[in-house]
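Reader: Please take a close look at a single part of this structure and connect what surrounds it, giving the cut-off behind each term as you go.

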Amino acid sequence: MNESMTKSKTLLLVDGSSYLYRAFHAMPDLRAVPGDASSAPTGAIRGMINMLQSLRKEVPADFAACVFDARGPTFRDALYPEYKAHRSPMPDDLRSQIEPIHEVVRLMGWKVLDVPGVEADDVIGTLAVIAARQGIEVIVSSGDKDLAQLVNSHITIIDTMNGKRRDVAG
């Protein structure tokens, strides 16, 4: 067999919710009409494009998905009503960019996932474990340190906050 037939496939999973918050807070207040506060905000969109393009250059993958938190409550809210009760609500300028971000990410060739009632990190964890069991190498890009518990010989985490890879050795 040649190398392409024996080489395992790679799945890249991006924590889109983590990315969009990071992009929103990292970018200046960009607007469709510069300087017009009533114009549509676009900073998070631009930031997402930059981050995803950079990641795809750094991490070649056979399959890629960008996973977002779905609107509405999750199963955790039903189990524990105080879950995230003290978190600040999403800024309106970020909320207005979510649907355009989903569309742009799709246009960039990514599969976009948001599962009602389930947070992005739960979807990522499920997909990562299932893929790894099938022999697929999984790379997860997220700033969520809870995802480090997924690391094994087939699952690696790229920490978006510092660019470091978390693998079995790390």
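Author: A residue is called buried when its relative accessible area is under 20%, exposed when that area is over 50%, and partly exposed in between, with a 1.4 Å probe and protein chains only. The model is a predicted one, in which local features need pLDDT of at least 70 and side-chain atom pairs count only at pLDDT 80 or more, while totals for chains, interfaces and linings use all residues. Residues are numbered from 1 along each chain as its sequence is written, and side-chain values use heavy atoms, with hydrogens and water left out.

The part I have chosen is helix α7, residues 120–133, where helices (H or I, at least four residues) and strands (E, at least two) are DSSP runs numbered from the N terminus. Its buried residues are Ala120, Asp121, Asp122, Val123, Ile124, Gly125, Ala128, Ala131 and Ala132. With an expected span of 1.5 Å times one less than the number of residues, the 14 residues of α7 should cover 20 Å, which agrees with the 20 Å between its end C-alpha atoms. Just after the helix comes Gly135, whose phi is positive at about 85 degrees.

The sheet beside this helix is open and has six strands in the order β3-β2-β1-β4-β5-β6, with mixed pairing; two strands are said to pair if DSSP finds at least two bridges between them. Because β3 and β6 (165–166) stand at the edges with a single partner strand each, one side of each is left without a neighbour in the sheet. Against this sheet packs α7, which touches β1, β2, β3, β4 (137–142) and β5 (155–159), contact meaning heavy atoms within 4.5 Å. The direction of α7 makes about 170 degrees with that of β1, where axes are lines fitted to C-alpha atoms, for helices over the stretch in contact, and angles run from 0 to 180 degrees between N-to-C directions.

Within the sheet, β1 (residues 10–15) runs parallel to β2 and is joined to that strand by five bridges. Val14 stands opposite Cys66 in β2.

Strand β2 (63–67) also meets helix α6, whose buried residues pack against α2 (16–26), α3 (43–58), β2, α5 (92–95) and β3 (111–113). Those buried residues of α6 (residues 98–107) are Ile98, Ile101, His102 and Val105. Seen down the axis of α6, they fall within an arc of 100 degrees, so they line one face of the helix; the arc is that of the directions from the helix axis to the C-beta atoms.
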